[in-house]
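User: Hi! I am new to reading protein structures and would like to go through this one step by step. Could you help me?

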Amino acid sequence: MVDSRNALDSHPGLDSRNWFAPVPTSRRRQFMASQRDGVFITLNGQRLINFSSNDYLALSTHPKLCDAAKTALADGVGSGASRLVCGDDPALHHLEKRLADWKGYEACLIVGSGMLANLGLIQALANRHSPVFADKLNHASLVDGVRLSTAPSHRFQHLDTGQLEQLLQQHQADKRIIVSDGVFSMDGDCADVNALLQLAIDHNTLLLIDDAHGIGTVGADGRGLTSQAGIAGHHRLIEVGTFGKSFGSYGAFILASEPCIEALRQRQRSMIYSTALPLAIIAAADAGLDLIQHGEALSRLHANIAYFKMKISTLNFMPSHTAIQPLLLGSDDKAMAMSSALREAGFFVPAIRPPTVAAGTARLRFTLSAAHSTAQIDLLAEKLLHCLAHA
Ligand SMILES: *Cc1c(COP(=O)(O)O)cnc(C)c1O
(Lines give C-alpha, C1' and ligand atoms only; values in the text may rest on other atoms or scores of the structure.)
Protein backbone atom coordinates (compact mmCIF):
# COMPACT_ATOMS: atom_id res chain seq x y z
CA MET A 1 0.00 0.00 0.00
CA VAL A 2 2.63 2.48 1.08
CA ASP A 3 4.96 1.41 -1.73
CA SER A 4 2.35 1.84 -4.41
CA ARG A 5 1.55 5.32 -3.15
CA ASN A 6 5.21 6.25 -3.31
CA ALA A 7 5.43 4.75 -6.80
CA LEU A 8 2.55 6.92 -7.99
CA ASP A 9 4.31 10.06 -6.81
CA SER A 10 6.89 10.57 -9.53
CA HIS A 11 7.49 14.20 -8.60
CA PRO A 12 10.86 14.80 -6.99
CA GLY A 13 10.87 17.36 -4.21
CA LEU A 14 10.23 17.82 -0.54
CA ASP A 15 8.66 15.04 1.44
CA SER A 16 8.82 13.91 5.05
CA ARG A 17 12.23 12.27 4.50
CA ASN A 18 14.10 15.37 3.40
CA TRP A 19 12.02 18.11 4.97
CA PHE A 20 14.28 18.56 7.99
CA ALA A 21 17.93 19.61 7.83
CA PRO A 22 20.08 16.98 9.55
CA VAL A 23 20.98 17.72 13.18
CA PRO A 24 24.78 17.91 13.61
CA THR A 25 26.11 14.91 15.56
CA SER A 26 27.36 17.15 18.36
CA ARG A 27 23.84 18.53 18.88
CA ARG A 28 21.90 15.31 18.41
CA ARG A 29 19.62 14.41 21.28
CA GLN A 30 19.75 10.75 22.14
CA PHE A 31 16.66 8.84 23.10
CA MET A 32 17.76 5.68 24.83
CA ALA A 33 15.30 3.07 25.97
CA SER A 34 15.86 2.87 29.70
CA GLN A 35 14.16 1.15 32.57
CA ARG A 36 13.98 2.59 36.08
CA ASP A 37 13.72 0.57 39.24
CA GLY A 38 13.88 2.74 42.34
CA VAL A 39 17.10 4.68 42.30
CA PHE A 40 18.56 2.52 39.53
CA ILE A 41 18.30 2.81 35.77
CA THR A 42 19.13 0.14 33.22
CA LEU A 43 20.57 1.37 29.93
CA ASN A 44 21.82 -0.99 27.23
CA GLY A 45 21.80 -3.82 29.76
CA GLN A 46 23.92 -1.86 32.25
CA ARG A 47 22.34 -1.11 35.65
CA LEU A 48 23.40 2.33 36.85
CA ILE A 49 22.74 4.46 39.91
CA ASN A 50 20.50 7.23 38.64
CA PHE A 51 21.50 10.82 39.40
CA SER A 52 19.31 12.36 36.68
CA SER A 53 15.69 12.00 37.73
CA ASN A 54 13.33 14.74 38.92
CA ASP A 55 11.66 12.14 41.15
CA TYR A 56 13.26 13.98 44.10
CA LEU A 57 11.32 12.27 46.88
CA ALA A 58 11.35 8.85 45.18
CA LEU A 59 7.54 8.87 45.30
CA SER A 60 7.00 7.70 41.70
CA THR A 61 7.55 4.10 42.80
CA HIS A 62 6.20 4.43 46.35
CA PRO A 63 3.73 1.67 47.30
CA LYS A 64 1.19 4.23 48.54
CA LEU A 65 1.11 5.97 45.15
CA CYS A 66 0.95 2.66 43.29
CA ASP A 67 -1.91 1.46 45.52
CA ALA A 68 -3.85 4.71 45.17
CA ALA A 69 -3.52 4.52 41.38
CA LYS A 70 -4.50 0.83 41.28
CA THR A 71 -7.58 1.44 43.39
CA ALA A 72 -8.68 4.22 41.05
CA LEU A 73 -7.90 2.05 38.01
CA ALA A 74 -10.37 -0.57 39.19
CA ASP A 75 -13.13 1.83 38.06
CA GLY A 76 -11.65 2.76 34.68
CA VAL A 77 -8.68 4.25 32.87
CA GLY A 78 -9.41 7.24 30.64
CA SER A 79 -11.34 10.31 31.78
CA GLY A 80 -13.45 10.34 28.61
CA ALA A 81 -13.47 14.04 27.83
CA SER A 82 -12.28 17.50 28.73
CA ARG A 83 -13.11 18.78 32.21
CA LEU A 84 -15.55 21.21 30.57
CA VAL A 85 -17.57 18.35 29.10
CA CYS A 86 -17.76 15.37 31.47
CA GLY A 87 -14.22 14.81 32.75
CA ASP A 88 -14.58 16.99 35.84
CA ASP A 89 -14.50 14.37 38.59
CA PRO A 90 -14.88 15.49 42.25
CA ALA A 91 -11.39 14.02 42.90
CA LEU A 92 -9.94 16.93 40.87
CA HIS A 93 -11.80 19.50 42.98
CA HIS A 94 -10.81 17.73 46.17
CA LEU A 95 -7.12 17.85 45.27
CA GLU A 96 -7.40 21.46 44.07
CA LYS A 97 -8.81 22.46 47.45
CA ARG A 98 -6.04 20.60 49.28
CA LEU A 99 -3.33 22.26 47.18
CA ALA A 100 -4.82 25.76 47.58
CA ASP A 101 -5.08 25.32 51.38
CA TRP A 102 -1.60 23.85 51.64
CA LYS A 103 0.01 26.66 49.65
CA GLY A 104 -2.19 29.43 51.07
CA TYR A 105 -3.99 30.49 47.88
CA GLU A 106 -7.69 31.12 47.36
CA ALA A 107 -8.00 28.70 44.46
CA CYS A 108 -6.27 26.12 42.29
CA LEU A 109 -6.74 24.67 38.81
CA ILE A 110 -5.36 21.26 37.79
CA VAL A 111 -4.27 20.93 34.15
CA GLY A 112 -2.70 18.26 31.95
CA SER A 113 1.00 19.01 32.43
CA GLY A 114 3.44 21.78 33.28
CA MET A 115 3.96 22.43 29.58
CA LEU A 116 0.20 22.79 29.07
CA ALA A 117 -0.14 24.91 32.22
CA ASN A 118 2.36 27.49 31.02
CA LEU A 119 1.29 27.53 27.37
CA GLY A 120 -2.35 28.03 28.31
CA LEU A 121 -1.87 30.29 31.31
CA ILE A 122 0.24 32.91 29.56
CA GLN A 123 -1.94 32.71 26.47
CA ALA A 124 -4.96 33.46 28.69
CA LEU A 125 -3.25 36.22 30.70
CA ALA A 126 -1.42 38.22 28.06
CA ASN A 127 -1.90 39.62 24.59
CA ARG A 128 -0.06 42.03 22.34
CA HIS A 129 -0.96 44.92 24.66
CA SER A 130 0.44 43.32 27.80
CA PRO A 131 4.24 43.05 27.82
CA VAL A 132 5.94 40.16 29.59
CA PHE A 133 9.26 40.54 31.45
CA ALA A 134 11.06 37.24 31.57
CA ASP A 135 14.28 35.81 33.02
CA LYS A 136 16.53 34.63 30.18
CA LEU A 137 16.86 31.15 31.69
CA ASN A 138 13.14 30.51 32.08
CA HIS A 139 11.87 27.03 31.21
CA ALA A 140 10.96 26.45 27.54
CA SER A 141 7.26 26.13 28.45
CA LEU A 142 7.24 29.73 29.74
CA VAL A 143 9.12 30.96 26.68
CA ASP A 144 6.65 29.24 24.35
CA GLY A 145 3.67 30.46 26.40
CA VAL A 146 4.81 34.04 25.84
CA ARG A 147 5.18 33.38 22.10
CA LEU A 148 1.72 31.88 21.89
CA SER A 149 0.23 34.85 23.72
CA THR A 150 1.77 37.31 21.17
CA ALA A 151 2.78 39.52 24.12
CA PRO A 152 5.88 41.71 23.60
CA SER A 153 8.69 39.95 25.44
CA HIS A 154 11.45 41.73 27.37
CA ARG A 155 14.08 39.39 28.70
CA PHE A 156 16.48 40.21 31.52
CA GLN A 157 19.80 38.55 32.36
CA HIS A 158 19.41 35.59 34.68
CA LEU A 159 18.39 36.80 38.20
CA ASP A 160 19.25 40.43 37.31
CA THR A 161 16.51 42.35 39.13
CA GLY A 162 18.35 45.63 38.43
CA GLN A 163 17.99 45.11 34.70
CA LEU A 164 14.39 44.01 35.20
CA GLU A 165 13.64 47.30 36.96
CA GLN A 166 15.15 49.27 34.05
CA LEU A 167 13.04 47.33 31.58
CA LEU A 168 9.92 47.96 33.68
CA GLN A 169 10.67 51.70 33.61
CA GLN A 170 11.26 51.66 29.85
CA HIS A 171 8.25 49.63 28.75
CA GLN A 172 5.06 50.98 30.26
CA ALA A 173 1.62 49.50 29.70
CA ASP A 174 -1.60 49.11 31.70
CA LYS A 175 -1.17 45.37 32.13
CA ARG A 176 2.25 43.77 32.52
CA ILE A 177 3.56 40.47 33.87
CA ILE A 178 6.91 39.42 35.33
CA VAL A 179 7.57 35.74 34.62
CA SER A 180 10.22 33.54 36.24
CA ASP A 181 11.08 30.00 37.23
CA GLY A 182 11.28 29.57 41.01
CA VAL A 183 14.05 26.96 41.19
CA PHE A 184 15.75 27.03 37.77
CA SER A 185 15.70 23.65 36.14
CA MET A 186 19.18 23.55 34.58
CA ASP A 187 21.07 25.67 37.13
CA GLY A 188 19.42 24.71 40.43
CA ASP A 189 19.58 28.29 41.67
CA CYS A 190 16.56 30.29 42.81
CA ALA A 191 14.78 33.46 41.82
CA ASP A 192 14.73 36.15 44.51
CA VAL A 193 10.95 35.96 44.75
CA ASN A 194 10.75 38.66 47.44
CA ALA A 195 12.59 41.12 45.18
CA LEU A 196 10.42 40.12 42.21
CA LEU A 197 7.22 40.66 44.18
CA GLN A 198 8.48 44.04 45.44
CA LEU A 199 9.13 45.08 41.82
CA ALA A 200 5.68 43.81 40.86
CA ILE A 201 4.14 45.97 43.61
CA ASP A 202 6.27 49.06 42.85
CA HIS A 203 5.58 48.86 39.12
CA ASN A 204 2.01 47.59 39.30
CA THR A 205 2.47 44.27 37.48
CA LEU A 206 1.50 40.65 37.99
CA LEU A 207 4.13 38.07 38.93
CA LEU A 208 4.08 34.50 37.59
CA ILE A 209 6.38 32.00 39.32
CA ASP A 210 6.79 28.48 37.94
CA ASP A 211 8.16 26.47 40.88
CA ALA A 212 8.03 23.02 39.26
CA HIS A 213 11.30 22.03 40.94
CA GLY A 214 10.74 23.89 44.22
CA ILE A 215 7.29 22.76 45.34
CA GLY A 216 7.81 19.49 47.22
CA THR A 217 11.53 20.05 47.79
CA VAL A 218 12.20 23.57 49.11
CA GLY A 219 11.64 24.66 52.71
CA ALA A 220 11.33 22.55 55.85
CA ASP A 221 7.72 21.70 54.87
CA GLY A 222 8.36 21.34 51.11
CA ARG A 223 5.90 24.05 50.19
CA GLY A 224 8.36 25.69 47.82
CA LEU A 225 10.11 29.01 47.34
CA THR A 226 7.21 31.42 47.63
CA SER A 227 5.97 29.81 50.85
CA GLN A 228 9.48 29.85 52.30
CA ALA A 229 9.69 33.54 51.36
CA GLY A 230 6.32 34.24 53.01
CA ILE A 231 4.66 35.61 49.85
CA ALA A 232 2.47 32.68 48.72
CA GLY A 233 -1.13 33.73 48.28
CA HIS A 234 -0.35 37.37 47.46
CA HIS A 235 -2.90 38.69 45.00
CA ARG A 236 -0.26 39.82 42.52
CA LEU A 237 1.23 36.33 42.43
CA ILE A 238 0.21 33.39 40.24
CA GLU A 239 2.08 30.15 40.76
CA VAL A 240 2.55 26.96 38.76
CA GLY A 241 3.54 23.60 40.21
CA THR A 242 3.74 20.12 38.70
CA PHE A 243 2.92 16.57 39.77
CA GLY A 244 5.61 14.99 37.55
CA LYS A 245 8.58 15.77 39.79
CA SER A 246 8.41 15.67 43.62
CA PHE A 247 4.81 14.46 43.64
CA GLY A 248 5.81 11.30 41.75
CA SER A 249 2.82 11.42 39.38
CA TYR A 250 1.97 13.50 36.30
CA GLY A 251 0.13 16.74 35.58
CA ALA A 252 0.26 20.29 36.90
CA PHE A 253 -1.62 22.93 38.86
CA ILE A 254 -2.04 26.69 38.87
CA LEU A 255 -2.56 28.64 42.11
CA ALA A 256 -4.04 32.15 42.28
CA SER A 257 -6.91 34.28 43.51
CA GLU A 258 -10.44 32.92 43.04
CA PRO A 259 -11.39 35.43 40.29
CA CYS A 260 -8.20 34.60 38.37
CA ILE A 261 -8.76 30.84 38.56
CA GLU A 262 -12.40 31.28 37.53
CA ALA A 263 -11.27 33.33 34.52
CA LEU A 264 -8.81 30.58 33.60
CA ARG A 265 -11.60 27.99 33.74
CA GLN A 266 -13.34 30.12 31.10
CA ARG A 267 -10.33 30.90 28.96
CA GLN A 268 -7.46 28.45 29.32
CA ARG A 269 -7.50 26.71 25.96
CA SER A 270 -4.85 24.11 26.91
CA MET A 271 -7.32 22.86 29.57
CA ILE A 272 -10.63 23.41 27.77
CA TYR A 273 -9.57 21.61 24.59
CA SER A 274 -7.69 18.72 26.17
CA THR A 275 -8.84 15.50 27.82
CA ALA A 276 -8.83 15.61 31.63
CA LEU A 277 -6.09 13.72 33.47
CA PRO A 278 -6.91 10.08 34.26
CA LEU A 279 -8.18 9.59 37.82
CA ALA A 280 -5.44 7.09 38.65
CA ILE A 281 -2.92 9.88 38.04
CA ILE A 282 -4.89 12.26 40.26
CA ALA A 283 -5.17 9.63 43.00
CA ALA A 284 -1.40 9.15 42.87
CA ALA A 285 -0.78 12.92 43.03
CA ASP A 286 -3.11 13.10 46.05
CA ALA A 287 -1.15 10.33 47.77
CA GLY A 288 2.06 12.16 46.80
CA LEU A 289 0.84 15.26 48.63
CA ASP A 290 0.17 13.14 51.76
CA LEU A 291 3.76 11.88 51.66
CA ILE A 292 5.25 15.34 51.04
CA GLN A 293 3.29 16.61 54.05
CA HIS A 294 4.42 13.63 56.11
CA GLY A 295 7.95 15.02 55.72
CA GLU A 296 10.10 11.91 56.02
CA ALA A 297 11.18 11.70 52.36
CA LEU A 298 11.77 15.45 52.36
CA SER A 299 14.15 15.33 55.32
CA ARG A 300 16.07 12.47 53.67
CA LEU A 301 16.36 14.57 50.49
CA HIS A 302 17.64 17.56 52.45
CA ALA A 303 20.17 15.38 54.27
CA ASN A 304 21.36 13.95 50.93
CA ILE A 305 21.75 17.41 49.38
CA ALA A 306 23.81 18.58 52.37
CA TYR A 307 25.93 15.42 52.28
CA PHE A 308 26.54 15.64 48.52
CA LYS A 309 27.53 19.33 48.78
CA MET A 310 29.97 18.49 51.56
CA LYS A 311 31.55 15.71 49.47
CA ILE A 312 32.02 17.83 46.33
CA SER A 313 32.84 21.16 48.00
CA THR A 314 36.29 21.37 46.35
CA LEU A 315 34.89 21.03 42.80
CA ASN A 316 33.59 23.61 40.34
CA PHE A 317 29.89 23.06 41.04
CA MET A 318 27.50 25.90 40.32
CA PRO A 319 26.06 27.63 43.41
CA SER A 320 22.91 25.71 44.33
CA HIS A 321 21.20 24.69 47.57
CA THR A 322 18.58 22.61 45.79
CA ALA A 323 18.37 19.01 44.61
CA ILE A 324 19.75 20.17 41.22
CA GLN A 325 23.55 20.30 41.40
CA PRO A 326 25.25 21.18 38.09
CA LEU A 327 28.99 20.83 37.51
CA LEU A 328 30.06 23.37 34.91
CA LEU A 329 32.46 21.90 32.33
CA GLY A 330 32.24 24.40 29.47
CA SER A 331 32.81 22.50 26.26
CA ASP A 332 30.28 20.04 24.90
CA ASP A 333 33.00 17.43 24.36
CA LYS A 334 34.21 17.61 27.94
CA ALA A 335 30.68 17.26 29.30
CA MET A 336 30.02 14.27 27.01
CA ALA A 337 33.32 12.62 27.96
CA MET A 338 32.67 13.03 31.70
CA SER A 339 29.16 11.68 31.36
CA SER A 340 30.52 8.57 29.57
CA ALA A 341 33.28 8.11 32.14
CA LEU A 342 30.74 8.20 34.96
CA ARG A 343 28.57 5.75 33.09
CA GLU A 344 31.50 3.36 32.83
CA ALA A 345 31.85 3.75 36.60
CA GLY A 346 28.19 2.86 37.16
CA PHE A 347 26.39 6.22 37.36
CA PHE A 348 23.89 7.90 35.11
CA VAL A 349 24.50 11.67 35.04
CA PRO A 350 23.45 13.36 31.80
CA ALA A 351 25.51 15.99 30.00
CA ILE A 352 23.38 19.07 29.37
CA ARG A 353 24.47 20.89 26.25
CA PRO A 354 23.36 23.75 24.02
CA PRO A 355 20.69 24.55 22.94
CA THR A 356 19.22 23.50 26.31
CA VAL A 357 21.85 25.74 27.97
CA ALA A 358 23.93 28.63 26.57
CA ALA A 359 26.93 27.84 24.35
CA GLY A 360 30.09 27.26 26.40
CA THR A 361 28.15 26.28 29.54
CA ALA A 362 27.81 22.54 28.95
CA ARG A 363 27.53 20.75 32.26
CA LEU A 364 26.78 17.59 34.12
CA ARG A 365 23.44 17.91 35.87
CA PHE A 366 23.32 15.83 39.04
CA THR A 367 19.99 15.53 40.78
CA LEU A 368 19.70 14.17 44.30
CA SER A 369 16.88 11.99 45.53
CA ALA A 370 15.61 10.93 48.94
CA ALA A 371 16.33 7.35 47.86
CA HIS A 372 20.10 7.72 47.43
CA SER A 373 22.12 6.18 50.23
CA THR A 374 25.18 7.87 51.71
CA ALA A 375 27.23 4.94 50.39
CA GLN A 376 26.01 5.69 46.84
CA ILE A 377 26.88 9.37 47.25
CA ASP A 378 30.31 8.46 48.65
CA LEU A 379 30.99 6.22 45.68
CA LEU A 380 29.81 8.85 43.22
CA ALA A 381 32.05 11.51 44.77
CA GLU A 382 35.01 9.13 44.68
CA LYS A 383 34.47 8.20 41.02
CA LEU A 384 33.83 11.81 40.04
CA LEU A 385 37.10 12.99 41.60
CA HIS A 386 38.89 10.16 39.85
CA CYS A 387 37.33 10.91 36.45
CA LEU A 388 38.10 14.63 36.73
CA ALA A 389 41.71 13.93 37.70
CA HIS A 390 42.15 11.69 34.64
CA ALA A 391 40.20 13.80 32.14
C1 LIG B 1 9.37 20.19 34.12
C2 LIG B 1 8.98 21.63 34.03
C3 LIG B 1 7.83 22.01 33.35
C4 LIG B 1 7.02 21.03 32.55
O5 LIG B 1 6.25 20.24 33.36
P6 LIG B 1 5.65 18.87 32.73
O7 LIG B 1 4.57 18.50 33.68
O8 LIG B 1 6.79 17.92 32.69
O9 LIG B 1 5.13 19.21 31.37
C10 LIG B 1 7.47 23.33 33.39
N11 LIG B 1 8.22 24.26 34.04
C12 LIG B 1 9.36 23.92 34.66
C13 LIG B 1 10.16 24.98 35.35
C14 LIG B 1 9.79 22.60 34.66
O15 LIG B 1 10.93 22.28 35.26
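Analyst: Happy to! Let's begin with a term: two strands pair if DSSP finds at least two bridges between them. Keep in mind that this is a predicted model.

User: Which residue is the bridge partner of I110 in β10?

Analyst: Let's start with the strands. β4 pairs with β10 (residues 252–256) in the antiparallel sense, over five bridges. Within β10, the partner that I110 bridges to is F253.

User: What is the order of the seven strands in the open sheet?

Analyst: The pairing in this sheet is mixed. Its edge strands are β4 (107–111) and β6 (153–156), each of which pairs on one side only. On average, neighbouring strands are turned by 20° against each other, direction ignored. Reading across, the order is β4-β10-β9-β8-β7-β5-β6.

User: Which helix packs on this sheet, touching β4, β9 and β10?

Analyst: Look for a helix that touches β4, β9 (237–242) and β10. Its direction makes about 30° with that of β4. The helix, residues 258–267, is α9.

User: In the open sheet of three strands, which are the edge strands?

Analyst: The order here is β11-β14-β13, with antiparallel pairing. An edge strand pairs on one side only, and that fits β11 (324–330) and β13 (351–352).

User: In β14, what is the bridge partner of Q325?

Analyst: β11 and β14 (residues 362–367) are joined by six bridges in the antiparallel sense. Following the bridge from Q325 into β14 takes you to F366.

User: And what angle does the direction of helix α13 make with that of β14?

Analyst: Helix α13 (residues 332–344) packs on this sheet and touches β11, β13 and β14. The angle with the direction of β14 is about 35°.

User: Now the ligand: how many residues surround it?

Analyst: The closest are G114, M115, D210, H213 and K245. By class, the shell has two nonpolar, eight polar and three charged residues. The number of residues surrounding the ligand is 13.

User: Which helix gives the largest share of the shell around the ligand?

Analyst: The share in question is three residues, and the helix spans residues 114–125. That helix is α4.

User: How far is a polar side-chain atom of K245 from an oxygen atom of the ligand?

Analyst: Let's compare with two backbone contacts. A ligand oxygen is 2.7 Å from a polar backbone atom of G114, and one is 2.9 Å from a polar backbone atom of M115. For the side chain of K245, the distance is 2.6 Å.

User: What percentage of the ligand's accessible area does the protein cover?

Analyst: On its own, the ligand has 380 Å² of accessible area. The protein's cover of that area comes to 85%.

Definitions and conventions:
Residues numbered from 1 in each chain as written. Predicted model: local features only at pLDDT ≥ 70, side-chain atom pairs only at ≥ 80, totals over all residues. Heavy atoms only, no water. Near = heavy atom within 4 Å. Polar contact = N/O pair within 3.5 Å; in protein donor to acceptor, adjacent residues only side chain to side chain. Areas by Shrake-Rupley, 256 points an atom, 1.4 Å probe, with all protein chains shown as cover. Helix = DSSP H or I, 4+ residues; strand = E, 2+ residues; numbered from the N terminus. Nonpolar A, V, L, I, M, F, W, Y, C, P; charged D, E, K, R; others polar. Axes fitted to C-alpha atoms, helices over the stretch in contact; angles between N-to-C directions. Contact = heavy atoms within 4.5 Å.
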